[in-house]
Every structure is written in C-alpha cells, then in structure tokens.
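Please open the model in a viewer and keep the selection tool at hand. The tour below proceeds stop by stop, with a selection to make at each one.

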Amino acid sequence: MVGTMLVRVRQRLRTLDLFAVRGVDLRTRKGMWALWMDNLFASISGAFLLTYVSLFAIALGATNTQIGALSSVPNLLGMLAPLPGAQLAEHWGSRRRVVVVVWALARALSAGLVVLPWFLAGDAAIYAVIALWSLRSGLANLAHPAWVSLAGEVIPDDRRGRFFSSRNIAAALCSMVFVPLAGVLIEWIGEPAGYQWAFGLSAVFGFAALYYYAQIPETIPPRQPRARATRTLALFWRALTANRVFLFFTLISMGWNFSLQLAGPFFNVFQVKQLGTSVSTMGWLGMALDLMTVVGQWFWGRVVDRRGSRWALAVCSLFIPILPFIWFFLSKPWHAVLVRIPSGFLWSGFNLASFNLQLELSTPQERTQAAAAYTTLIGLANILGPLVGGVIVDRWGYYLDFSLSGVGRLLMAVMFLWLLKPFASRPK
C-alpha cells in the first residue's frame, strides 16, 4: 500500500518536472537536482535567521543608527569580496570547492550568534552582532562569482525560467512554513534564548544545504589560473564593459539598490517601534509575503520564458515604487499585510528577471568576473543606502525616508525602460 503510494508520488513528480530536467543528459540532471536541493535547505536555514537578525539587535537595544550599520557594514565587506572571490575561483580551479569551503565558514559565523549573549551585553553585544553578520556577508559574496558562473553552466539557457521559478517557489514555501514557526519559537522560549535556538537551527539546515551543493558536477573543465594578480582591475573592467547593455544595467541597478536600501532596513524597525508588532506576528506576516512569492514565482517564471526577462523586469520595476508609500496608511500590525502581498508578488518577478539578465547579458567566458563586478558595484550602493537612510530616519522620520526611496525607485525604473526597451520588440 505504502509502496504503491510512493510510486504514484514519484510518477506525479516526474509529470510535474519540478527540476525542469526532462530531456537533459544525466550529468546536467544531477547538477540541476543538487542545485535545487541546496536551495531548499538553504531557504529553511534563512527562514530561521534572515528575518530575525535585525529583531535580535533591537532586542539587545540597538538604535536606528546601529540598525543602519547592521545593513551597511555587511554590504561594505560584501562589496569588497567578489573581486578576490573571482580570483580565488580561478586560482583554486574548482568553483564548487570555493563555494562549499567559503559558505561553510560563513555559516559557522552565523552559528556564532548562538553563543554571543552568553558572553556580551549592551553595546558590546550589538557591535559583535554587526561584526559577525558583516563577516558572514563578506564570505557569502566571496563565493558569489563562483556560484553564478557554475549555475550559468549547470542550467541550460532554455530552462532557466522554469528551473529558477520552481526553485524559488520551493524556497518560498519553505519560508512560508518556517519563518512563522521561527517567530512562534522565539516568542515561546523568550529573549534572547529563543533567538539562539532559531539561529542554531539555521546553522544545521545551512550545513545540510552544503552537502547537496557539494554534489554538483562542474560541467566544463575550469579555466587555467590567471598569470598575474595585478590584472585583477583589468579583468574587472573588461568583464564590465564587454557588453554595453550589461554596463548600463549594472549602473542603473546601483541607483535602484541605493533607493531600496534607503528604506529597506527600516521597514521591520517601523513595524516593531511604530506599529507595535510582536515577533510572532512578524513571522505570520512573513508567511503572507512567502505565499504571494509562490504565486509570483509560478506566474513570472512562465512570463519570463514567454515574454523575456526584460519585459518582466520592466513591469515589476514600474509597480515596486508604489510599495513604500503604502506604509503611510498603516496603523495596526496586521495592516502590513497590505504591503507584504503585493511585495511578494512583484519582487519574485523582479529578482527572477534580474538574475536571468545577469546571465543573459554577460558572456560565458567572462561570467565569473562579470558577476564579481556586478556584485561589487551593487554592494557600494547597498553600503551608502542604509547609512543615508539611518540619518534621514533619525532627523526627519520614517515617512520622508520612505518617500525618497519610492521616488528613487521610480526614476531607476524609467532608466530600465530606456535601456532595455522591453515593449519595443520581442527579446531574442
């Protein structure tokens, strides 16, 4: 009976083709499956961590300026890491090994948050959180160019929309279940022990994800190491300028991310300090966002394959600037669902299209360096945004900060339209 049910489940999964592997060779199939499973466990890991780090800092007594630093300092290290990360990938020869080793170190640092309250308190504890979180971000971005390069080779061009859509839907479903579960766990156990339990579970699932990533085969032999480290900036510039559209896409994305980061780190702070939202309610609101992310990934994955990444990115970027202004009308904790629902739908489309465009606009030969260049410049914008945003919030309040973020997003959306011309012709 049970065996028959399992057979039927397997047959149904093959019909659904969750991994978008139907018709591919065995080696590619193995890589796609491993990349999919890595993301599944990494998403569970993130559900116990990402939403709650800033809340952990608030519970320790962090100010708005310190919350801004909690976003900016990690972005500083994240900006500096991709270029040496690209060189490390070429020096080691195996992009997979770079990702596994570096991400293992990053997740070990995340586990450091578990023991931190046992030794430190007050400002010392807050600055230790910033330091650990910053080092984690730097290590994650150190491996990012190798990850993008290998993913671009593992996933065939004609399957990227379906594969990343399916992968992101699974990630959103995991978040939908585990983010509120983490919030309930934290509130039930209490502070700070609840956060320690959540961060410990995050580390366990994070290392499980690395087990699957380690099984990805490298589909082509890695390129020979570059002869001289002094060529780093030249390689950076060549990868950035090899495609004019990629160069301008990167520059506009810098402005877009600066506008996002003006307000992004302070939405959770606004919910806790202005709306009085509890930790468990934050988790349930995260569930609403993840539910719409599932819907959005299903919808936008098909749109990307049918209409192209340029069209999807343009449409999403035109509506996303509205989101910061919705916060003006919220007065109760549950009202945030009015932002979370459209946010989950629109951001799922934007992120899917943006990542696909990074792969589409960069040449395979320069993809590792192009990913490093893109991540470095985006990191610069992500550093400045929270610092400026923190000053604006402290001096003039949340609403001016949110307004500037919305206007900046709109200006960059118009620039995306100018560059990509998504409605003028069908993408190739």
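In which handedness of crossing does α15 pass α19? Before turning to that pair, please note that the model is predicted.

**The whole chain**

Begin with the entire protein chain shown as a cartoon. It contains 19 helices and zero strands. Of its 428 residues, 58% are buried. Consider next the contacts between residues at least 6 apart in sequence: 86% of them join residues at least 24 apart.

**First pair: α15 and α19**

Select residues 309–319, which form helix α15, together with residues 398–420, which form helix α19. Their axes come within 9 Å and cross at roughly 160°. An angle over 145 degrees counts as roughly antiparallel, and α15 is therefore roughly antiparallel to α19. The opening question can now be settled: α15 passes α19 in a left-handed crossing.

Show the side chains where the two helices meet. On α15, the contact is made by R310, L313, A314, S317 and L318, and on α19 by A413, F416, L417 and L420. By class, these residues are seven nonpolar, one polar and one charged.

**Second pair: α6 and α7**

Now select residues 95–115 for helix α6 and residues 122–142 for helix α7. They pack at an angle of about 165°, and their axes lie 8 Å apart. The two helices are therefore roughly antiparallel to each other. The crossing in which α6 passes α7 is left-handed.

Display the side chains of this contact as well. From α6, the participants are V102, W103, L105, A106, L109, S110, G112 and L113; they meet V129, L132, W133, L135, R136, L139, A140 and L142 from α7. The residues of this contact divide into 13 nonpolar, two polar and one charged.

**G138, in α7**

Remain on α7 and select G138, which is placed in this helix. Is G138 buried or exposed? Its relative accessibility is 10%, so G138 counts as buried. Add G78 to the selection: although G138 and G78 are 60 residues apart along the chain, their C-alpha atoms are separated by 4.3 Å. Leaving aside residues up to four places away in sequence, G138 touches L77, G78 and A81.

**L113 and the nonpolar core**

Return to L113, one of the α6 residues in the contact with α7. Which residues does L113 touch, apart from those up to four places away in sequence? They are L49, V53, F56, V129, L132, W133, Q196 and F199. L113 also belongs to the largest nonpolar core, which has 118 residues. Within that core, Y52, L113, W147, F199 and W256 touch the most other members. Select residues 337–361 to see helix α17, from which the largest share of this core, 10 residues, comes.

**G200, in α10**

Select residues 193–213, helix α10, and find G200 within it. G200 is partly exposed, with a relative accessible area of 23%. Add V115 to the view: G200 and V115 are 85 residues apart in sequence, and their C-alpha atoms are 9.4 Å apart in space.

**Last stop: Q271, in α13**

Finally, select Q271, which lies in helix α13, residues 267–273. With a relative accessible area of 0%, Q271 is buried. To display its surroundings, select G276, T277, M282, L285, W327, A336 and R340, the residues that Q271 touches when those up to four places away in sequence are not counted.

How values were computed
Residues are numbered from 1 along each chain as its sequence is written. This is a predicted model: local features need pLDDT of at least 70, side-chain atom pairs count only at pLDDT 80 or more; totals for chains, interfaces and linings use all residues. Side-chain values use heavy atoms; hydrogens and water are left out. Axes are lines fitted to C-alpha atoms, for helices over the stretch in contact, and angles run from 0 to 180 degrees between N-to-C directions. Helices (H or I, at least four residues) and strands (E, at least two) are DSSP runs, numbered from the N terminus. Angles under 35 degrees count as roughly parallel, over 145 as roughly antiparallel, 65 to 115 as roughly perpendicular and the rest as oblique. A crossing is left-handed if the near helix is turned anticlockwise from the far one by less than a right angle, and right-handed if clockwise. Contact means heavy atoms within 4.5 Å. Ala, Val, Leu, Ile, Met, Phe, Trp, Tyr, Cys and Pro count as nonpolar, Asp, Glu, Lys and Arg as charged, and the others, Gly among them, as polar. Buried means under 20% relative accessible area, exposed over 50%, partly exposed in between (1.4 Å probe, protein chains only). A nonpolar core is a set of buried Ala, Val, Leu, Ile, Met, Phe, Trp, Tyr and Cys residues joined through side-chain atoms within 4.5 Å.
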